[in-house]
Amino acid sequence: MKNIFHPQIVQELIDRINELTPETTPRWGIMRVDQMMAHCCVAYEMAYTDKHPKPNPFMRFLLKAFVKNGVVNDKPYPKNSRTAPAFIIAERRDFETEKARLIGFLEKTRDLGIPYFGGKESLSFGPLTAEEWNALFYKHLDHHLTQFGV
């Protein structure tokens, strides 16, 4: 898996995002491109902000036991997989705003680097290694950029 903390990989992702237009349509699924970018920003919001509540202890146990491995391993997500409620973006968003937010989160992640993420706590999964954060971020974004053909 590519390393989201490496400047060259971040630039590749930014270049792919810059290929998107407001008219880009998905190869599968029902999200529009603006909703997809907002959806991808949720993972970064959870890492950097208090916008999303921490799941209760029972829900965290279930997430760690049954979901974590699928999120932090290197196996690609299947098409049309289910998503957590916090990641559902029902309303349309401004394309340029979401694009700028997503690129900003990528740049922030690159700039903070591996040391910041080693042992950093995930709202859903507890402490993760930098490698697990990399998988969480890279795999999700790559999945959705591929969904939109870039």
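This passage describes a helix, two cysteines and several salt bridges in a predicted model.

Helix 1 covers residues 7-18. At 1.5 Å a residue, its twelve residues should span 16 Å, and its end C-alpha atoms are 16 Å apart, which agrees. The buried residues of this helix are Ile9, Val10, Leu13, Ile14, Arg16 and Ile17. Seen down the helix axis, they fall within an arc of 160 degrees, so they line one face. An α-helix has 3.6 residues a turn, so residues three or four places apart point the same way. The buried residues of helix 1 pack against helix 2 (33-48), helix 5 (95-117) and helix 6 (130-147).

One buried residue of helix 1, Arg16, has a relative accessible area of 15%. The Arg16 side chain meets that of Asp142 in a salt bridge, at 2.8 Å from N to O. Arg16 lies in helix 1 and Asp142 in helix 6, 126 residues apart. Asp142 counts as partly exposed, at 24% relative accessibility.

The count of salt bridges comes to twelve. Among them, Asp34 pairs with Arg92 at 2.7 Å. Asp34 lies in helix 2 and Arg92 in the loop between helix 4 (68-72) and helix 5, so the pair ties together parts 58 residues apart in sequence. Asp34 is buried, at 2%, whereas Arg92 is partly exposed, at 45%. Arg93 and Glu91 also meet in a salt bridge, at 2.8 Å. Both belong to a network with Glu45, Lys51, Glu98 and Arg101.

The model has zero disulfides. The sulfur of Cys40 is 7.3 Å from the closest cysteine sulfur, in Cys41, too far for a bond. Cys40 is buried, at 1% relative accessibility, and Cys41 is buried at 0%.

Conventions: Residues numbered from 1 in each chain as written. Predicted model: local features only at pLDDT ≥ 70, side-chain atom pairs only at ≥ 80, totals over all residues. Heavy atoms only, no water. Helix = DSSP H or I, 4+ residues; strand = E, 2+ residues; numbered from the N terminus. Expected span 1.5 Å × (residues − 1). Buried < 20%, exposed > 50% of the residue type's maximum accessible area, 1.4 Å probe, protein only. Arc of directions from axis to C-beta. Contact = heavy atoms within 4.5 Å. Disulfide = S-S within 2.5 Å. Salt bridge = Lys/Arg side-chain N within 4 Å of Asp/Glu carboxyl O.
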